[in-house]
Amino acid sequence: MKQTEDVRCIKGIGAKTAELLQKLGIHTVGDLLSYYPRSYDTYELPVPIGEVKEGKTVTIEASVIKSADVTRYRNLQVLTCIVRDPSGMLKLTWYNQPYMKNQLTMGTRHLFRGRIARKKGSLVMEQPKKYTREEYHRLLQVLQPVYGLTEGLHNKTLSKAVAAALSCCEPEEDFIPARIAKAHNLIARRYAVEEIHFPKSRETLGEARRRLVFEEFFRFMLLLSHYKEQKGKEKNHYPVRETKECKRLLETLPYELTNAQKKVWAEIQADLAGEGTMTRLVQGDVGSGKTILAMLSLLAAAESGYQAALMAPTEVLARQHMAEALRLFSDSGIKCVLLTGSMTAAQKKEVREQIRSGEADIIIGTQTLFQEKVEYRSLGLVITDEQHRFGVRQREKLSEKGGHPHILVMSATPIPRTLAIILYGDLDISIVDELPKGRKPVKNCVVGTGYRETAYRFIAKQVAAGRQAYIICAMVEESDTSDAENVTDYTEQLREALGGGISVEYLHGKMPAKEKTERMNRFAAGEIQVLVSTTVIEVGVNVPNATVMMIENAERFGLAQLHQLRGRVGRGDAESYCIMVSASEAQETMERLEILNRSNDGFFIAGEDLRLRGPGDLFGIRQSGEFEFAVADIYADATVLKEVSETVKALSAKEAEELYQRCFREETAELVRGMAESI
């Protein structure tokens with residue numbers, strides 16, 4: 001079986017399962033084998049009921065002392081039963097699993113594994129899995145892969161499919177030269193793939209992960225090297241100078257730029273007017289004022305007679321930028337247009353014609369801006385917001401689309417300068433390291449799950465005062481094995497806890513784009529008072545009236561991402577708060593979160609994250625959304641990143657180009673297909 005074959009050729013995968021896999025981006029056998037576990041579950045020995053603790057996932061062995069009972073609550077069927085062992089009694093609860101009632105008759109004895117929560121003052125095990133002694137014994141101390149899922153697809157199904165593919169699939173080509181693999185003690189690729197899915201031990205998992213991390217960074221650095229080589233040959237085809245409109249805009253702003261903003265604006269101006277094409281990264285902490293620098297750049301390009309495009313990672317953020325551009329440029333005579341995926345075919349066609357004819361001066365949107373159908377008259381500047389969401393390949397596509405325009409990339413994701421120089425090797429780097437005067441720092445607290453009810457009361461008070469709140473959960477729906485809070489169930493529970501007088505809705509990335517935008521707009525308008533969300537709201541969302549950010553399972557997020565989430569509040573005049581709820585009381589977890597508790601400086605936090613986590617953190621928290629790595633993490637794997645950077649630098653120009661062609665020769669068509677699908 002070849003890796004390029006359709007996933008349906010694997011035994012046990014029918015049309016229905018294949019359709020669910022496609023929702024995860026899995027189309028071929030190779031896609032499946034490259035869909036690595038997001039974590040691993042270890043089954044421990046059962047504990048006495050008297051020793052269970054809130055927030056922990058544990059196994060108990062107990063007898064049913066009261067037969068299961070099913071009750072209805074709204075659209076939920078709640079199954080409950082009481083069990084006992086020599087140390088105490090415990091209530092077990094299942095949602096929408098009424099079929100289990102017949103298995104839980106009085107006197108039967110089972111092993112139950114689930115998460116312990118506190119409901120109305122008592123401990124409860126929620127959604128436990130039931131095992132016989134024989135079943136559980138086989139699972140003891142084995143690292144079980146836990147995959148990201150979609151509704152209708154179970155972890156067991158995905159795990160069996162991967163095992164079947166590994167048993168009959170031809171090995172993929174190992175493009176890392178043997179001498180480099182030997183020099184860096186890398187295991188064979190095939191063995192690494194087998195071990196990353198089904199590790200024999202933590203040691204073999206470590207070896208597999210290091211091999212795949214090295215490979216991801218190696219591909220990335222080859223790509224960066226190739227792009228940097230191409231970029232160095234480009235002259236400035238679109239000379240831009242500061243215009244009267246830029247000066248007028250600066251004079252009419254209700255505030256003065258900070259010294260850091262002035263310095264970066266001078267660097268951008270020098271690039272735009274210089275001999276070569278600008279490719280500059282502007283890094284700045286949350287709220288440091290990067291948006292106004294982007295707006296000034298757009299205006300300067302448009303006033304110089306060129307078209308300028310601003311690409312945002314989400315439609316919500318694109319519409320936000322459009323509103324700001326219309327407000328700032330209303331008296332300039334500059335025509336701004338918006339182009340997003342949720343617009344009707346007729347609306348898109350009209351906007352594309354305005355772009356093609358040159359009627360549109362400033363174009364704002366999502367990746368739709370760079371579809372094949374979109375033709376620019378004279379694209380002189382491209383700005384990408386939250387650059388790590390796009391990556392090097394997209395930078396290359398942007399450059400080709402506009403005939404080598406100036407490229408300005410913006411990021412609020414704090415990355416230590418030493419890593420930024422490697423990761424953004426094709427870009428000049430500017431840092432906005434100063435916050436505007438008068439901005440109130442967010443008040444932080446790190447608490448355990450026992451504080452949740454108190455937090456709910458605090459949120460209710462803030463809502464009563466006319467404010468709004470975000471609550472972040474790690475997952476969309478219930479997982480077979482994860483104990484993370486999930487958005488859909490949590491929303492139901494929160495509505496019950498807060499009462500009917502408060503509007504609570506949820507938001508997650510799997511919702512249709514139109515529905516996401518509509519719900520976010522309702523929150524921005526104040527119609528929704530509490531928004532339960534995944535990290536889809538992490539980037540750029542601006543609702544000044546939101547004063548509380550509560551993050552469930554804070555221990556599951558990287559510090560940089562937690563800082564991004566915290567940046568969604570504190571954007572107005574009112575005092576704002578960030579409540580980080582941790583289900584883990586481990587010393588290293590609390591030490592990590594305490595960094596956020598005592599500092600609001602993103603660059604300090606990024607540096608501390610790097611210092612604390614270091615290399616080899618197998619089960620560390622990935623900085624979700626950063627760059628395009630499936631396994632690698634720029635913080636935990638910083639040492640490997642530096643190692644790979646030096647290795648690629650040492651390659652001859654000829655060898656680097658040959659390896660680049662070998663790595664990416666089949667990917668150009670795949671990239672175009674992937675971008676089209678995302679659009």
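Visitor: Why is Gln-462 called buried?

Guide: Gln-462 has a relative accessible area of 14%. Buried means under 20%, exposed over 50% and partly exposed in between (1.4 Å probe, protein chains only). The 14% of Gln-462 is under the cut-off, so Gln-462 is buried.

Visitor: What kind of model does that value come from?

Guide: This is a predicted model, in which local features need pLDDT of at least 70, side-chain atom pairs count only at pLDDT 80 or more, and totals for chains, interfaces and linings use all residues. Residues are numbered from 1 along each chain as its sequence is written, and side-chain values use heavy atoms, without hydrogens and water.

Visitor: Where is Gln-462 found, and what does it touch?

Guide: Gln-462 is in helix α15, residues 452-464. Helices here are DSSP runs (H or I, at least four residues; strands are E, at least two), numbered from the N terminus. Leaving aside residues up to four places away in sequence, Gln-462 touches Arg-467, Thr-547, Val-548 and Tyr-577. Each of these is a contact, meaning heavy atoms within 4.5 Å.

Visitor: What makes helix α18 mostly covered?

Guide: The count of buried residues. Helix α18 runs over residues 559-566, and eight of its eight residues are buried. They are Leu-559, Ala-560, Gln-561, Leu-562, His-563, Gln-564, Leu-565 and Arg-566. Arg-566 is on that list, and so is His-563.

Visitor: How much of the whole chain counts as buried?

Guide: Of its 679 residues, 54% do. The chain holds 23 helices and 20 strands.

Visitor: What share of the contacts in the chain join residues at least 24 apart?

Guide: The share is 73%. It is taken among contacts between residues at least 6 apart in sequence.

Visitor: How do you know whether helices α8 and α10 are roughly parallel or roughly antiparallel?

Guide: Start with the packing angle. Helix α8 (residues 244-252) and α10 pack at about 150°, and their axes are 8 Å apart. The axes are lines fitted to C-alpha atoms, for helices over the stretch in contact, with angles from 0 to 180 degrees between N-to-C directions. Under 35 degrees is roughly parallel, over 145 roughly antiparallel, 65 to 115 roughly perpendicular and the rest oblique. The two helices are therefore roughly antiparallel to each other.

Visitor: Which residues make the contact of α8 with α10?

Guide: Helix α8 brings Glu-245, Cys-246, Leu-249 and Leu-250. Helix α10 brings Leu-296, Leu-299, Ala-300 and Glu-303.

Visitor: How do those residues divide by class?

Guide: Six are nonpolar, none is polar and two are charged. Nonpolar covers Ala, Val, Leu, Ile, Met, Phe, Trp, Tyr, Cys and Pro; charged covers Asp, Glu, Lys and Arg; the others, Gly among them, are polar. Glu-245 of α8 and Glu-303 of α10 therefore count as charged. Cys-246 of α8 and Ala-300 of α10 count as nonpolar.

Visitor: What is notable about the phi of Asn-96?

Guide: Phi of Asn-96 is positive, about 55°, although Asn-96 is not a glycine. Most residues other than glycine have a negative phi. Asn-96 lies in the loop between β4 (88-95) and β5 (109-119).

Visitor: Why is Asn-96 called partly exposed?

Guide: The relative accessible area of Asn-96 is 40%. That value falls between the two cut-offs already given, so Asn-96 is partly exposed.

Visitor: And what of Asn-185, where does it lie and what is its phi?

Guide: Asn-185 sits in the loop between α5 (178-183) and α6. Phi of Asn-185 is near 55°, again a positive value in a residue other than glycine.

Visitor: How do you know whether Asn-185 is buried or exposed?

Guide: Its relative accessible area is 68%. This is over the cut-off for exposed, so Asn-185 is exposed.
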